[in-house]
Amino acid sequence: MIFVLATLGSIGDVMPFLAVAGELRARGHRVVLASNAGYAQLVQSAGFEMAVIWDRGARDLDDVLIRDPAAAWDRVRSEMFEPAAAPARAAIAHYASQGPCAVLASWSVYGAALAHRDLGVPLTTAYLSPHAVGAAGNGPGQRIGFFPDWFWAAEPPPGMAMTDFPMPDDAQLPPLPPDLEAFLAMGPPPVLFIPGSFMRQAGDFFAAALKACERLGLRGVFLSPYQDQIPVLPPTVRHYRYVSLQRLAPRAAAIVHHGGIGTAAQAMRAGLPQLLSPVFFDQFDNAARLEKLGVGRRLGADMADDLAAVLASAGMRENCVRLRGRFGGNTIGAICALLEKRA
């Protein structure tokens, strides 16, 4: 069976599909990842075929994100999701012509629904967060929520299967860089600061993060693909364009981030308290859910004060330990079983 796994967006939208791809390959299937051109190296280094369904450079959204998040969402839809529809349909048609084929697609890959309608290709539509379910409505084919019922905290919509947060097997992940390993061994666990891969001008965020680290005597790791927004750093703070958060998070003290669902899930899995600065789409809803679960707090006027409060909260630490215990089981296997049954 050929499985085409299609997704668009940030790195957090790709990693769950890579996790499923690894298990499908282990089960003897041929797997193709269809996504943004920028993820070709990541996909191919994991040993999968890559179909590019969107290859334009992303425009800077920061000014719109700050001024009008709804307008930023409209631009993502009009400049990424809609232009990728025809290429996605064409890619699915190409692989469907080669033999039995089934598709797992994020709700944002509009071309998957077209291929399902026009070609009859079996389709499973995935939703990475509860907010996406409400924003997208009822997608075609089988539907899966890539999050657990305790995070949804409501009855799932009729016909939607609930799983858990899908995460890659550690064997699929690149090791941490040697200099980061050395840094981690040199002192206490650092705080992680991640504004999100869509944020191209997070200079103020990182300036506040550096100030908080210096004021509180903390070590830090800044994660961003954009070097130009990183201030001059002391030896106690390091910057990396990308590392595996799944490997790094269990070795951190806390995390300050944008509220993306993938980052939030990794933080919960690692038992990290979270300080949240949402700006876009589902991040506000994710932040509210993390606050309700008692493992996160919304960033206020002073990052240092908020971070100190998060680190000092015994109740939050207890909640983090409790939630960490909910992770486990063969989530990826359960997802693949649903896909095989649908195919």
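**Exercise 1. Determine which residues Ser-224 is in contact with, leaving aside neighbours within four places in sequence, and whether Ser-224 is buried or exposed.**

Solution. Leaving aside neighbours within four places in sequence, Ser-224 is in contact (heavy atoms within 4.5 Å) with Phe-206, Gln-229, Ile-230, His-239, Tyr-240 and Arg-241. The residue is found in the loop between β9 (220-223) and β10 (237-240), where strands (E, at least two residues) and helices (H or I, at least four) are DSSP runs numbered from the N terminus. With a relative accessible area of 2%, Ser-224 is buried, a label that means under 20% relative accessible area, with exposed meaning over 50% and partly exposed in between (1.4 Å probe, protein chains only).

The model is predicted, so that local features need pLDDT of at least 70 and side-chain atom pairs count only at pLDDT 80 or more, while totals for chains, interfaces and linings use all residues. Residues are numbered from 1 along each chain as its sequence is written, and side-chain values use heavy atoms, with hydrogens and water left out.

**Exercise 2. Establish how strand β4 is enclosed and which strands are joined to β4 by bridges.**

Solution. Begin with burial: six of the six residues of β4 (residues 101-106) are buried, so the strand is largely enclosed by the rest of the structure. Both faces are covered, with Cys-101, Val-103 and Ala-105 buried on one side and Ala-102, Leu-104 and Ser-106 buried on the other.

Turn next to pairing, which requires that DSSP finds at least two bridges between two strands. Strand β1 (residues 2-6) runs parallel to β4 and is joined to it by five bridges, with Ile-2 opposite Cys-101. Strand β5 (residues 123-127) is also parallel to β4, through four bridges, and here Ser-106 stands opposite Ala-126. From β4 the chain crosses through helix α6 (residues 110-119) to β5 in a right-handed β-α-β crossover, meaning that, with the strands pointing away from the viewer, the path from the first strand over the helix to the second runs clockwise.

**Exercise 3. Compare the span of helix α16 with the expected value, and find what its buried residues pack against.**

Solution. Helix α16 (residues 331-342) has twelve residues and reaches 17 Å from its first C-alpha to its last, close to the expected 16 Å, which is 1.5 Å times one less than the number of residues. Within α16, the residues Thr-331, Ile-332, Gly-333, Ile-335, Cys-336 and Leu-339 are buried. The buried residues of α16 pack against β1, α1, β4, β5 and β6 (142-145).
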